[in-house]
Amino acid sequence: MPAGDVGDVFSGVDDQVPAALADHLRGIQLIDHHVHGAFNKPIDRAAFEASINEGSTDPVPNFMTMFDSPLGRAIRRWCAPVLGLPPHASADDYWARRSELGPDELTTAMVKQAGVARWVVDTGFKGDLIATPEQMTELSGRPSSSILRLERLTEDLLEAGTDPVDFPDAFRSALLAAVESPDVVGTKTIAAYRTNFDIDWSRPTDVTVVDHATALAGQGKDLRVDSPVLIAFGVHEAAEHGLPIQVHVGFGDRDLDLNRTDPLLMLPLLRTMAPVPVLLLHCYPFHRQAGYLAQAFDHVNFDVGLAINYLGSRSTALVAEALDTAPFAKQLYSSDAFGPPELHLLGAVLWRRAMGLVLGEWVRTGECGEADAIAIVDMIGVHNAERVYGL
Ligand SMILES: [Zn+2]
């Protein structure tokens with residue numbers, strides 16, 4: 001087994017974080033409200049390095065290593081000690097030690113130190129390299145809930161031979177089953193990847209939906225929904241069924257047109273949809289727009305997951321900006337970890353540290369009482385997710 005632990009998250013900065021706030025942040029058991037499975041098969045170094053590059057879809061070029069990036073450096077800083085290595089171990093030493101461990105052993109070592117009470121797992125991206133929610137629970141000893149991907153549901157129904165004429169009702173039946181399932185706590189749209197946000201968000205009629213389902217079903221196997229009509233249909237139906245809706249916003253791989261994923265482009269939807277909780281995910285570099293929307297609409301919430309990991313030590317600035325305008329009841333914690341279990345741990349470490357540094361300064365300068373700072377930590381780390389998903 002790995003010999004080490006992650007160590008104190010306030011190492012090097014403990015004089016900047018008031019003691020009670022620091023202790024609270026060290027101990028709080030978070031709800032990671034948007035996360036994916038960890039790798040459950042061995043991967044080689046090239047695959048690992050590619051999996052810590054969100055934007056590129058190419059292999060990492062041979063003039064560089066992703067270990068020399070804000071995220072790679074944070075992994076060497078915080079995850080090397082978990083493997084029994086000193087902080088800042090070299091990339092080669094890190095890789096050599098990591099390679100001695102099996103995937104489950106590695107995941108257990110990392111996720112058990114994340115201090116996460118519950119994983120809310122997005123199972124939409126299918127891969128046989130990725131642990132299921134049940135496996136995540138087994139390896140971490142913590143319960144999981146799951147999120148239903150709306151585009152995946154459309155594709156699954158039509159791939160399974162649903163007659164396009166029956167598609168609207170079949171989709172509604174599946175949502176009804178999700179409402180009744182104790183495991184499913186919400187839905188998710190990846191419109192950002194399929195159409196971007198500047199589409200007609202009005203609710204389509206069933207007749208129009210059937211036309212678009214017919215066109216899609218005619219494409220054969222391995223369907224890929226990219227019809228704005230089918231996407232708007234899925235979102236409005238999920239809302240009508242009272243299901244929370246997660247929305248991928250901003251930061252993602254280069255398949256998406258980042259410039260067309262500003263969440264302000266969703267204003268026509270946010271103004272007209274049934275007001276179920278909307279969770280704007282990641283949001284970077286549009287996290288300020290997301291914070292504004294969370295203030296402007298009672299049903300809108302947001303997080304800065306994924307970016308916390310990718311910004312490494314600069315995540316402190318991101319967490320500070322995420323606290324610009326939105327009421328504290330409208331922001332949630334997530335890691336958006338996918339693949340390397342280092343990411344499940346690192347998200348929690350960097351968030352605790354950043355919250356300590358940012359709120360610690362508010363307390364030290366008299367802008368905020370320490371009890372208030374602790375209450376903000378509880379809201380973003382736990383309570384807002386409990387409220388939004390009814391956990
Ligand atoms: Zn994700």
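## The cavity

Leu150, Glu151, Thr154, Val225, Leu230, Ile231 and Gly234 line the largest cavity of this structure, which is a predicted model. The volume of this largest cavity is about 30 Å³, and the structure holds one cavity of 30 Å³ or more.

Two helices, H7 (150-159) and H11 (228-240), each supply at least two residues of this lining. Sorted by class, the lining of the largest cavity consists of four nonpolar residues, two polar residues and one charged residue.

## The pocket

The largest pocket encloses about 1,100 Å³ of space. It is lined by 38 residues, of which Phe125, Arg149, Tyr193, Asp253 and Phe338 are the closest to its centre. By class, the residues of the pocket lining comprise 15 charged, 13 nonpolar and 10 polar.

Helix H2 (45-51), helix H7 and helix H9 (191-194) each contribute at least two residues to the lining of the largest pocket, and the largest share, three residues, comes from H7. Helix H7 is also one of the helices that supply at least two residues to the lining of the largest cavity.

## The nonpolar core

The largest nonpolar core contains 137 residues, and those with the most contacts inside it are Trp201, Leu280, Trp351 and Met355. Helix H16, which spans residues 342-364, gives the most to this core, with 13 residues.

For Trp201, once its neighbours within four places in sequence are left aside, the residues in contact are Ala191, Ile231, Ala232, Val235, His236, Leu265, Met266 and Leu269. Among them is Ile231, a residue that also belongs to the lining of the largest cavity.

## The zinc site

The zinc ion is coordinated by NE2 of His34, NE2 of His36 and OD of Asp336, at 2.0 to 2.1 Å. Along the sequence, these donor residues follow the spacing H-x1-H-x299-D. The pair His34 and Asp336 links distant parts of the chain, since His34 lies in strand S1 (residues 30-35) and Asp336 lies in the loop between helix H15 (315-322) and H16, 302 residues apart.

Both members of this pair have a computed relative accessible area below the 20% cut-off for a buried residue. His34 has a relative accessible area of 0% and therefore counts as buried, and Asp336, with a relative accessible area of 8%, is buried as well.

Terms used
Residues numbered from 1 in each chain as written. Predicted model: local features only at pLDDT ≥ 70, side-chain atom pairs only at ≥ 80, totals over all residues. Heavy atoms only, no water. 1 Å grid on protein atoms, 1.4 Å probe; cavity = no way out; pocket = protein on both sides within 12 Å on 5 of 7 lines; lining within 4 Å. Points joined across faces, edges and corners; volume = space filled by probe spheres on them. Helix = DSSP H or I, 4+ residues; strand = E, 2+ residues; numbered from the N terminus. Nonpolar A, V, L, I, M, F, W, Y, C, P; charged D, E, K, R; others polar. Core = buried A, V, L, I, M, F, W, Y, C linked by side-chain atoms within 4.5 Å. Buried < 20%, exposed > 50% of the residue type's maximum accessible area, 1.4 Å probe, protein only. Contact = heavy atoms within 4.5 Å. Donors = N, O, S within 2.8 Å, 3.2 Å for Na, K, Ca; no water.
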